[in-house]
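Open the model in your viewer and keep a selection tool ready. The tour goes from one selection to the next and says what is found at each.

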Amino acid sequence: MNKINTHKSDLIDELKEQSIYKIKLKALLEKIYIDSPPLAYIHSFGCQQNISDAEKIKGFLAEIGYGFTDIQDDSDLIIYNTCAVRENAEARVYGNIGELKHLKAAKENLVIGICGCMAQQQSVADKIKSTYPQVDMVFGTFVFHKLPEMLYNVLAERIRVFDLKEDNHEILEGLSTVREDKIKAYVPVMYGCNNFCTYCIVPYVRGRERSRKPDEIIKEVTQLVKDGYKEITLLGQNVNSYSYGFSGLLRSVNEISGNFRIRFVSSHPKDATKELIDTIIECEKICKHLHLPFQAGSNRILNQMNRKYTIEDYYDIIDYARGKKSDFSFSSDIIVGFPGETFEEFLQTVEVIKKVKFDNLYTFVYSKRSGTKAENLPDNIPQAEKGKWLRELILIQREVVTENFKRFLNKTVTVLVEGEGKTDSTYLTGKNDENIIVEFKGHHSLIGEFVNVKITKIKNWALFGEIINN
Ligand code: SAH
Ligand code: SF4
Ligand code: F3S
């Protein structure tokens with residue numbers, strides 16, 4: 001028997017076992033919660049992948065009989081789905097766990113679980129085990145299908161559960177999902193990452209790349225569109241290394257009939273091809289926008305980061321796209337203060353920002369992650385100095401954006417309406433193709449619809465305008 005088959009039969013056995021636990025757990029819950037079903041509170045930190053995982057966790061819980069609440073104090077099960085990408089993300093979770101001590105003491109059957117990327121690390125599980133007795137379950141990113149067993153052990157056997165098993169087994173298809181949103185949906189196309197950028201914890205907590213089969217993805221998107229979803233975001237840490245060919249997948253998704261738009265994150269520049277750009281331009285449902293993180297402008301730093309491209313390679317992709325479509329929109333992630341980065345090298349990053357004119361930037365100060373290669377690199381720039389660089393960069397980006405957004409003035413853009421305006425409820429808010437926030441006056445009945453908006457004003461990283469022809 002080959003390896004995959006062994007894994008598959010393991011998985012089938014595991015799922016059979018879980019269905020038995022599901023029955024036992026349901027019976028137990030009916031005994032404990034006689035009047036009304038138990039309520040779960042799930043909070044996700046981190047990226048879209050985590051939000052997508054939480055939707056599957058909710059799917060499992062709904063099958064067992066849990067309802068959901070947004071109020072932590074009202075819940076019978078609290079799950080924090082955590083992120084490990086930077087230290088401050090972890091610090092926030094520890095702070096929140098600390099605050100749960102009183103709630104746990106006050107509520108006999110309250111179950112507290114910590115899962116996700118942070119929980120996948122042994123050091124974190126050890127710390128929770130010894131320092132936070134209020135936590136009943138710690139489980140990583142590979143085992144949430146074992147929730148019935150974990151919950152049963154906590155509630156019936158009164159034991160604490162720690163499951164960090166790392167298992168790159170076949171992807172579980174057909175899981176029920178409770179989605180957060182009715183308009184926009186995340187659809188994972190692949191899991192894990194093989195790139196080992198030297199600063200990054202993701203490959204250690206998410207395992208190796210595994211791609212979903214194209215027909216599974218098409219089936220899921222087709223159903224979502226039938227259910228009325230208007231925006232589909234295909235997810236992966238590096239969608240361009242999707243095993244069955246990402247451009248082909250995009251073309252197939254584009255062929256699904258219905259009125260919806262397609263986005264995807266994230267793209268690694270080393271694998272972003274001209275074929276990808278052509279596909280985006282040729283497929284009418286794909287937003288003409290690419291999130292393409294370059295991280296740093298210096299080739300020496302890119303090499304130290306193990307990014308496997310030079311900034312010239314990066315410019316090649318940008319130039320190719322803008323050569324075909326002059327207003328092709330780009331956004332990026334940037335790390336400031338990688339170990340050993342000099343001020344001159346930081347200025348090279350600034351230069352890229354000024355040249356490319358990104359519509360949006362996600363900027364981070366480098367955060368040391370234990371177990372990564374960069375952990376032991378000498379780093380002699382003080383944190384405060386790095387903070388200064390970051391603020392400088394944000395100021396420059398503000399100028400770039402103000403200039404950039406002028407291209408929309410007096411133009412009409414298509415907006416998917418997402419909800420009420422943040423500051424004024426007579427306004428509606430949504431995003432245009434370029435993923436830029438657009439606000440305008442309009443009736444609530446337009447939420448979930450595409451509308452045409454003529455842009456009249458630019459303010460604070462957003463566009464403002466008036467609806468036309470609706
Ligand atoms: N797979 C995606 C990125 C996922 S993490 C990609 O490669 O594009 C999202 C972003 O977090 C990264 O692009 C990077 O800019 C930032 N990041 C990752 N590790 C970091 C660290 N140790 N310190 C600071 N920022 C980090
Ligand atoms: Fe991290 Fe690099 Fe993988 Fe992105 S591609 S998840 S930055 S290791
Ligand atoms: Fe964080 Fe894990 Fe995503 S580390 S950024 S939640 S893949």
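Begin with the shell around ligand 1, which takes at least three residues from each of domain 2 (181-287) and domain 3 (293-407). Keep in mind throughout that this is a predicted model.

Next, show the residues surrounding ligand 1. There are 15 of them, and the closest are Gln 237, Ser 266, Gln 295, Asp 333 and Ser 367. Colour the shell by class and it divides into seven nonpolar, four polar and four charged residues.

Now go through the distances to the ligand one by one. Select Gln 237 with its backbone displayed: a backbone N or O atom of this residue lies 2.8 Å from a nitrogen atom of ligand 1. Move to the side chain of Ser 266, where an N or O atom is 2.9 Å from an oxygen atom of ligand 1. Then select Asp 333; an N or O atom in its side chain is 2.6 Å from an oxygen atom of ligand 1. With a surface switched on, consider how much of the ligand is covered: ligand 1 taken alone exposes 550 Å², and the protein buries 90% of that. In cartoon view, highlight β13 (329-336) and β14 (360-365), the elements that give two or more residues to this shell.

Which residues surround ligand 3? Select Cys 47, Asn 50, Cys 83, Ala 84, Val 85, Cys 117, Arg 206 and Gln 237. By class, this shell has five nonpolar residues, two polar and one charged. Gln 237 is in the list for ligand 3 and is also among the closest residues to ligand 1.

Stay with the cysteines for a moment. Cys 117 has a relative accessible area of 9%, so it is buried, the limit being under 20%. Select Cys 193 as well: this residue is buried, with a relative accessible area of 9%. How many disulfides does a search of the whole structure find? The search finds zero.

Next stop is Asn 195, in the loop between β8 (190-191) and α6 (202-206). Its relative accessible area is 7%, so Asn 195 is buried. Add Lys 270 to the selection to see a polar contact of 3.2 Å between the two side chains.

Finally, zoom out and colour by domain: domain 1 (14-163), domain 2 (181-287), domain 3 (293-407) and domain 4 (409-468). Place a distance between the C-alpha centres of domain 1 and domain 4, which lie 38 Å apart.

Key. Residues are numbered from 1 along each chain as its sequence is written. Chains are lettered from A and ligands numbered from 1 in the order in which they are written. This is a predicted model: local features need pLDDT of at least 70, side-chain atom pairs count only at pLDDT 80 or more; totals for chains, interfaces and linings use all residues. Side-chain values use heavy atoms; hydrogens and water are left out. A residue is near a molecule or strand if one of its heavy atoms lies within 4 Å of it. A polar contact is a pair of N or O atoms within 3.5 Å; within protein, one must be able to donate a hydrogen and the other to accept it, and residues adjacent in sequence count only if both atoms are side-chain atoms. Accessible areas come from the Shrake-Rupley method with a 1.4 Å probe; for residues, only the protein chains shown count as cover. Helices (H or I, at least four residues) and strands (E, at least two) are DSSP runs, numbered from the N terminus. Ala, Val, Leu, Ile, Met, Phe, Trp, Tyr, Cys and Pro count as nonpolar, Asp, Glu, Lys and Arg as charged, and the others, Gly among them, as polar. Domain bounds come from an automatic or database domain assignment. A disulfide is a pair of cysteine sulfur atoms within 2.5 Å. Buried means under 20% relative accessible area, exposed over 50%, partly exposed in between (1.4 Å probe, protein chains only).
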